[in-house]
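The following exercises concern one protein chain. Each consists of a task and a solution worked through in steps.

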Amino acid sequence: MSQPPTPQERMPPPLTTPSPPPSVQHHPLTPSSSVSGICLITSGCGGGGASSIVSSETEGDEAVQATNDDASVCKRSAVQLGYWNDPFLQNFMRGPIVRKAPEINRGYFARTFGIYKLILKTLEQIATSDVVYIPKGEGSRSRSNSVCETEVQIINLGCGFDTLYWRLKNDRNIRERWSKIRISSFVDVDFPSTTMRKVHYIKNNKALLATLNNDDGEISISKFELNAFDYHIIGTDLRDINQFGSKLLSCGVKFDLPTIFLSECVLVYMDTKSSATLLKWISEHFRTSLFVNYEQVNMIDRFAEVMLNNLTMRGCRLAGVEYCKDLATQKNRFLESGWSGVRAWTMNEVYASIPMKEIERVEAIEMLDEHELLKQLFDHYCIAVAYNDATTLSLDSVELIG
């Protein structure tokens, strides 16, 4: 088998950089550019925000659910400038493009690059393994180098308007180089008020629907949920484990298939007991799985205090910040919940691992005056990767750096 392309070769190509809007929007809470940067990064931290874990009766739910909109606006700013290619995001947005501060754009780039790289490395590891998951019955297994496809599932917690499903489907390198692997189920999970909006945008957009169409099945759409051949949207509260589990089963998710879980600033909005329960449940039911978690870290200094104060002013309380003290607490939360192993890196480490050619391209997009602020921001966010490997897929070898 030929070697898969390098991660930088597989990253979606940048868009042609358009003429930027005339001004940069800073956060209204503070006049200081450095503090506004803190607000902007934290206010839209979720892949879709933490709306999937806040019930309609919870105090402050609207502010937390709004993190989806903040994140989408920030991503749109970076995509418009050419940090990465995402032609699908615009289908979930309305109104004019708001240009964000350079440190925000670069922060979202590093996060998007790191998470996408981890997904690709995991798919590569599974695709080159001798273990083949045969899509028969409940997923019987055999060791073989046959042409059978291995099925993989991706479950995106707190998805918001994230377009990852469409980006992966349109990644030519995945289709051409990894013919023995198939993403059989991609599940977007969020609070019903958010999934309702996402479903609405999809069902009214021909380009998005075209990707979902398949001869093997119809597209079922309700007010809060959507079910297609290999893509599903479910609305639920992640603190309700029974409902979460039953909805995964209802859209065909199999516990014995290799599964990648994604969480971007979702767990941090859950109280520690609820997030621990969720992680333990996933660990117990998905024995061959990888969990990619992006959220705050080193939240014990003055810089972190300012971040927390700004979020509080917006009505967003980080109920799970106890796990964000340092990389050790981030890793221990998974180990204590039954995961086999875990690695974690600050975003400074992630950014430093990006190929120099890509760094030079990104840093040429716009001038950054607040270099020290960017370093501080990167030092207060991390990516953790936990894994369970009940077979011989060697998911423990999936590395972000190196």
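**Exercise 1. The cap and the buried face of α13**

Task: Determine which residue caps the N-terminal end of α13, which residues of the helix are buried, and what covers them.

Solution. The model is a predicted one.

Step 1. The cap is D326: one of its side-chain oxygens lies 3.1 Å from the backbone nitrogen of A328.

Step 2. Helix α13 spans residues 327–335, and its buried residues are T329, Q330, R333 and F334. These residues lie on the same side of α13, because they cover an arc of only 140° around the axis.

Step 3. The cover over the buried residues of α13 includes the helix α11 (272–285) and the strands β9 (288–296), β10 (341–346) and β11 (381–389).

**Exercise 2. The two sides of α10**

Task: Establish which residues of α10 are buried and which are exposed on the other side.

Solution.

Step 1. In α10, which comprises residues 241–250, the buried residues are I241, F244, G245, K247 and L248. They line one face of the helix, since they fall within an arc of 165° when seen down the axis.

Step 2. N242 and S250 are exposed on the other side of α10.

Step 3. Among the elements covering the buried residues of α10 are β3 (150–157), β4 (181–190), β7 (231–235) and α11.

Step 4. Just after α10, the backbone at G252 adopts a positive phi of about 90°.

**Exercise 3. Helix α5 and its residue T122**

Task: Compare the span of α5 with the expected value, decide how far the helix is enclosed, and list contacts of T122.

Solution.

Step 1. Helix α5 (residues 102–127) contains 26 residues and reaches 37 Å from its first C-alpha to its last. This is close to the 38 Å expected at 1.5 Å a residue.

Step 2. Of the 26 residues of α5, 24 are buried, so the helix is largely enclosed by the rest of the structure.

Step 3. T122 is found in α5. Its relative accessible area is 1%, and buried means under 20%; T122 is therefore buried.

Step 4. Neighbours within four places in sequence being left aside, T122 is in contact with I260, L290, L395 and V398.

**Exercise 4. The loop residue G320**

Task: Locate G320, state whether it is buried or exposed, and identify the residues it touches.

Solution.

Step 1. G320 belongs to the loop between α12 (302–313) and α13.

Step 2. With a relative accessibility of 0%, G320 counts as buried.

Step 3. When residues up to four places away in sequence are not counted, G320 touches L267, V268, M270 and T272. For V268, the separation from G320 is 52 residues in sequence, whereas the C-alpha to C-alpha distance is 4.4 Å.

**Exercise 5. Cysteines and positive phi values**

Task: State how many disulfides the structure holds, then describe the burial of C251 and the setting of C265.

Solution.

Step 1. The structure holds 0 disulfides.

Step 2. C251 has a relative accessibility of 7% and counts as buried. C265 also counts as buried, at 0% relative accessibility.

Step 3. C265 lies in the loop between β8 (259–264) and α11. Although C265 is not a glycine, its phi is positive, at about 50°.

Step 4. S394, likewise a residue other than glycine, has a positive phi near 55°. S394 is located in the segment after β11 and is partly exposed, with a relative accessible area of 31%.

**Exercise 6. D396 and the chain as a whole**

Task: Characterise the surroundings of D396 and give the secondary structure and burial of the chain.

Solution.

Step 1. D396 is situated in the segment after β11 and counts as partly exposed at 34% relative accessibility.

Step 2. Apart from neighbours within four places in sequence, D396 is in contact with R343 and Y387. The C-alpha atoms of D396 and L290 are separated by 9.0 Å, with their positions 106 residues apart along the chain.

Step 3. The chain has 16 helices and 11 strands, and 57% of its 402 residues are buried.

Step 4. Among contacts between residues at least 6 apart in sequence, 81% join residues at least 24 apart.

Step 5. The accessible surface of the chain is about 16200 Å², and carbon and sulfur atoms account for 49% of this area.

How values were computed:
Residues numbered from 1 in each chain as written. Predicted model: local features only at pLDDT ≥ 70, side-chain atom pairs only at ≥ 80, totals over all residues. Heavy atoms only, no water. Buried < 20%, exposed > 50% of the residue type's maximum accessible area, 1.4 Å probe, protein only. Helix = DSSP H or I, 4+ residues; strand = E, 2+ residues; numbered from the N terminus. Arc of directions from axis to C-beta. Contact = heavy atoms within 4.5 Å. Polar contact = N/O pair within 3.5 Å; in protein donor to acceptor, adjacent residues only side chain to side chain. Areas by Shrake-Rupley, 256 points an atom, 1.4 Å probe, with all protein chains shown as cover. Expected span 1.5 Å × (residues − 1). Disulfide = S-S within 2.5 Å.
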